[in-house]
Amino acid sequence: MKAVLSKETGGPETLVVEEIDTPTAGSGEVLVKVAACAINFPDTLIIRDMYQFKPPRPFAPGGEISGTIEALGEGVTDFAVGDRVMCGVGNGGLQEKVVVPATKLFKVPDGIDLVKASALLMTYGTTIHGLKDRGDIKEGETVLVLGAAGGVGLSAVELAKAYGCRVVAAVSTEEKGEVARKHGADEVVIYPRAPFDKDTSKQLANDFKAAVGPDGANIVYDIVGGDYSEPALRAIAWKGRFLVVGFPAGIAKMPLNLTLLKSCDIRGVFWGAFAAREPKRNEQNIQELFDLWKAGKIEPLVSETYPLERAHEAIAKLENRGAIGKLVVVME
């Protein structure tokens with residue numbers, strides 16, 4: 001079978017496509033014929049040895065897949081050959097077949113496209129955990145979303161609207177702003193590209209404040225980090241919740257006196273650890289996502305698909321922050 005392999009530390013250009021042996025499902029495992037593998041920010045890091053997990057080389061990146069069960073290992077009783085499934089695999093998704101523990105699988109309901117299903121788990125799974133479990137989201141609140149046109153950002157726009165909130169989407173271009181509006185954003189802020197000087201940072205804070213309104217943002221959903229975080233924190237509401245989700249623009253240095261002045265919280269959102277520590281609650285969240293999808297309130301935006309041989313292009317585009325919605329590698 002074909003696989004995209006990282007054989008040396010480096011960027012997307014170091015990835016190669018090679019034939020490897022098809023794995024065999026062991027006890028408690030299943031063999032999944034991969035239909036699609038969504039590309040996520042950790043894929044840009046893991047090949048550079050910059051992610052918290054460093055698998056031994058050679059390995060295939062790709063942490064989020066959908067597909068069809070081809071074989072069952074010993075002891076697997078909750079699934080059958082032919083079941084349509086999705087799961088997070090950490091790495092290994094960019095290959096035609098992959099072995100995963102049955103406990104990591106979610107059945108994909110009938111009527112839901114497998115390519116779009118591959119784009120649900122890490123983005124919407126992260127965001128439903130962030131907004132509900134960490135953000136204590138309430139109907140009628142105002143939510144400021146940074147990086148609002150990417151996969152995670154659009155999931156935050158859609159879910160916040162599904163929970164009855166007013167959403168301010170912060171993006172880098174007017175094109176991305178239009179996408180955020182189509183997915184439910186009430187206001188859009190176009191921010192400049194970092195790094196910021198003091199005046200630019202102050203102006204962005206003022207732009208955020210004007211967009212969220214005089215009472216501030218009850219929740220800031222920060223997928224971006226870097227110089228963008230402090231201006232957003234300055235626009236937070238009294239007793240607001242600042243959710244730390246990701247750092248493609250770098251790890252922010254936050255003035256903690258602002259948390260005192262606003263009596264606000266800065267809260268981390270680590271969906272992967274939550275899913276491992278509290279699998280039942282995570283399962284409930286994923287089921288809620290499917291219910292919201294069936295109700296027409298959410299649907300992953302897959303803006304581009306790539307064949308396996310061009311997976312490196314998808315990773316490079318995401319790394320360069322050129323993606324709108326999700327980029328997905330398909331195995332047809």
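**The whole protein**

Colour the protein by secondary structure: 11 helices and 15 strands appear. Keep in mind that this is a predicted model. Now zoom out. Along its principal axes, the C-alpha trace spans about 60 × 40 × 30 Å. How does the radius of gyration fit with a compact globule? For 332 residues, such a globule would have a value near 20 Å, and the protein has 20 Å, so the two agree.

Switch on the surface. Its accessible area comes to about 14600 Å². Carbon and sulfur atoms account for 50% of that. Of the 332 residues, 53% count as buried. Contacts reach across the sequence too: among those between residues at least 6 apart, 69% join residues at least 24 apart.

**Stop 1: helix H6**

Select residues 198-212. This is helix H6, with 15 residues. Put a distance label between its end C-alpha atoms: they are 21 Å apart. At 1.5 Å a residue, the helix should span 21 Å, so the model agrees with the expected value.

Which residues of H6 are buried? Show Ser201, Leu204, Ala205, Phe208, Ala211 and Val212 as sticks; these are the ones. Then turn the view to look down the helix axis. The buried residues fall within an arc of 130 degrees, so they line one face of H6. On the other side, select Asp199, Lys202 and Ala210, which are exposed.

What does the buried set pack against? Show strands S8 (142-146), S9 (166-171), S10 (187-190) and S11 (217-222), then helix H7 (229-233). The buried residues of H6 pack against these elements.

Now look at the two ends of H6. At the start, select Asp197: one of its side-chain oxygens reaches to within 3.3 Å of the backbone nitrogen of Asp199. Just after the helix, select Gly213, which takes a positive phi of about 100 degrees.

Step back to the loop between S10 and H6, where Pro195 lies. A cis peptide bond joins Ala194 and Pro195, with omega at about 10 degrees.

**Stop 2: helix H3**

Select residues 121-134. Is helix H3 mostly covered or mostly open? It is mostly covered: 11 of its 14 residues are buried. Among the buried ones are Leu121, Tyr124, Ile128, His129, Leu131 and Asp133. Two glycines, Gly125 and Gly130, are buried as well. Move just past the helix to Asp136, where phi is positive, at about 50 degrees.

**Stop 3: Asn282**

Next, go to helix H10, residues 279-294, and pick Asn282. Its relative accessible area is 5%, so Asn282 counts as buried. Which residues are in contact with Asn282, leaving aside neighbours within four places in sequence? Select Phe106, Trp271, Phe274 and Ala275 to see them.

**Stop 4: the loop between H1 and S4**

Find the loop between helix H1 (41-46) and strand S4 (64-72), and select Pro58 there. A cis peptide bond joins Arg57 to Pro58; omega is about -5 degrees.

Stay in this loop and select Asp49. Its phi is near 60 degrees, a positive value in a residue other than glycine. Asp49 has 28% relative accessibility, so it counts as partly exposed.

**Last stop: Lys239**

Finish at strand S12, residues 236-244, and select Lys239. Lys239 is not a glycine, yet it has a positive phi of about 60 degrees. Buried or exposed? With 55% relative accessibility, Lys239 counts as exposed.

Notes. Residues are numbered from 1 along each chain as its sequence is written. This is a predicted model: local features need pLDDT of at least 70, side-chain atom pairs count only at pLDDT 80 or more; totals for chains, interfaces and linings use all residues. Side-chain values use heavy atoms; hydrogens and water are left out. Helices (H or I, at least four residues) and strands (E, at least two) are DSSP runs, numbered from the N terminus. The expected span of a helix is 1.5 Å times one less than its number of residues. Buried means under 20% relative accessible area, exposed over 50%, partly exposed in between (1.4 Å probe, protein chains only). The arc is that of the directions from the helix axis to the C-beta atoms. Contact means heavy atoms within 4.5 Å. A polar contact is a pair of N or O atoms within 3.5 Å; within protein, one must be able to donate a hydrogen and the other to accept it, and residues adjacent in sequence count only if both atoms are side-chain atoms. The radius of gyration is taken over C-alpha atoms; the globule rule is 2.2 Å times the number of residues to the power 0.38. Accessible areas come from the Shrake-Rupley method with a 1.4 Å probe; for residues, only the protein chains shown count as cover.
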